[in-house]
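Here are some exercises to work through with the structure open beside you. Try each task before you read its solution.

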Amino acid sequence: NNADILIAKLPSACKPKYPGIYLAGNSKNAQVYVVNGRILLRNGVRLGATEKTSYFTLSGIGFQIRTSKPRKFLSDLGLWVNGWEDFDTIRGWQKPSYFVSHDSDNNVGICTLVGFVKNKNAQNLNLPMVQLPEECRPKMNERLSFNLYGGGNKYLRVDVKSNGEIQLMSSSYHAWISLAGITFVTSSTLAPPSQAVTDINMAPS
């Protein structure tokens, strides 16, 4: 069965502002797709008695919800290095960008990245993609690792360093990589309490 399986419908307060592809793990490298507030298991991955692993996780899915705050495009800011660039935005693929929000309940800043990237030079794949601005860098001296989705239905390890560099750690070539799923607490100065708003949501795990 190649049909997508509907897992859940998100409430109106927790719907992505932009569609994204997110990876969830089971024995078949299941791909979870969040679009228009619907969480889908892509391409009808079989679950149950036919699989030794009959579960997957939604943990780690993070996205910008529908707010009036703008996202910042990596290409517009001139952040690409080492041959990395946007992936085919002409045909509607999401343009890479980041969004910094503030969680007033926990008094922390949160940075979320989305969009599709590519590098035509295979020799540069393990060189940094960008160096994020200070407002969108992991707190303290943390180096964060994320399992992302790339062309060829593969898990990809992508690290975000404390200096803001994003680097692909997997060795094989991929036509594109989705940055959806990169969400972390930032080291940036938080907005004053009067301006801070809770405008980032995580999908239920």
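**Exercise 1. Find the acidic partner of Lys72 in a salt bridge, and say what the pair ties together.**

Solution. Keep in mind that you're working on a predicted model.
- Step 1: Go to the side chain of Lys72 and look for a carboxyl oxygen; Glu135 supplies it, with N and O 2.7 Å apart.
- Step 2: Check the cut-off. A salt bridge needs the nitrogen and the oxygen within 4 Å, and this pair has 2.7 Å.
- Step 3: Place both ends. Lys72 sits in strand E6 (residues 72–73), while Glu135 belongs to the loop between E11 and E12, so the bridge ties together parts 63 residues apart in sequence.
- Step 4: Look at the surface. Lys72 is partly exposed at 36% relative accessibility, and Glu135 is partly exposed too, at 27%.

The general idea is simple: side chains of opposite charge can pair when their charged atoms come close.

**Exercise 2. Work out which parts of the chain the salt bridge of Lys95 and Asp76 ties together, and class each residue as buried, partly exposed or exposed.**

Solution.
- Step 1: Confirm the contact: the N to O distance between the side chains of Lys95 and Asp76 is 3.2 Å.
- Step 2: Locate the residues. Lys95 is in the loop between strand E7 (84–86) and strand E8 (97–103), and Asp76 is in the loop between E6 and E7, so parts 19 residues apart in sequence are tied together.
- Step 3: Class them. Lys95 has 25% relative accessibility and is partly exposed. Asp76, with 55%, is exposed, because the exposed class begins over 50%.

**Exercise 3. How many salt bridges does the whole structure hold, and which residues form a network?**

Solution.
- Step 1: Searching the whole structure gives five salt bridges.
- Step 2: Look at Lys161, which bridges to Glu165 with the closest N and O atoms 3.3 Å apart. Lys161 counts as buried, at 17% relative accessibility, because buried means under 20%.
- Step 3: Now pick out the network: salt bridges link Arg143, Arg157 and Asp159.

**Exercise 4. Track down the disulfide and describe where its two ends sit.**

Solution.
- Step 1: A search of the whole structure turns up one disulfide. Its partners are Cys111 and Cys136, with an S to S distance of 1.7 Å.
- Step 2: Follow the chain. Cys111 is in strand E9 (residues 108–114), and Cys136 is in the loop between strand E11 (130–131) and strand E12 (144–150); the pair links distant parts of the chain, 25 residues apart.
- Step 3: Get the handedness. The angle about the S-S bond is -70°, and the link is left-handed.
- Step 4: Check burial. Cys111 is buried at 0% relative accessible area, and Cys136 is buried at 0% as well.

**Exercise 5. Give the strand order of the seven-stranded open sheet, then look at how E13 pairs with its neighbors.**

Solution.
- Step 1: Start with the inventory: the chain has zero helices and 17 strands.
- Step 2: Read the sheet across: E7-E10-E15-E12-E13-E14-E11, with antiparallel pairing. E7 and E11 are the edge strands, each pairing on one side only.
- Step 3: On one side, E13 pairs with E12 over seven antiparallel bridges; Leu148 has Leu156 in E13 as its bridge partner.
- Step 4: Toward E14 (residues 165–168), E13 (residues 154–160) has three bridges, again antiparallel. Here Val160 faces Ile166, and Asp159 faces Gln167.
- Step 5: Check the turn. Four residues lie between the strands of this hairpin, and Gly164 has a positive phi near 95°.

**Exercise 6. Which residues touch the most other members of the largest nonpolar core?**

Solution.
- Step 1: This core has 26 residues, and the answer is Leu113, Met129, Leu132, Ile182 and Phe184.
- Step 2: Find the contributors. E8, E9, E12, E13, E14 and strand E16 (182–185) give two or more residues to this core.
- Step 3: Zoom in on Met129: leaving out residues up to four places away in sequence, its contacts include Leu79, Trp80, Val117 and Ile166.
- Step 4: Look for another cluster. A second, separate core has six residues, among them Cys14, Val32, Val34 and Leu58.
- Step 5: Step back to the chain: 48% of its 205 residues count as buried.

Technical notes: Residues numbered from 1 in each chain as written. Predicted model: local features only at pLDDT ≥ 70, side-chain atom pairs only at ≥ 80, totals over all residues. Heavy atoms only, no water. Disulfide = S-S within 2.5 Å. Buried < 20%, exposed > 50% of the residue type's maximum accessible area, 1.4 Å probe, protein only. Pairing = 2+ DSSP bridges. Core = buried A, V, L, I, M, F, W, Y, C linked by side-chain atoms within 4.5 Å. Contact = heavy atoms within 4.5 Å.
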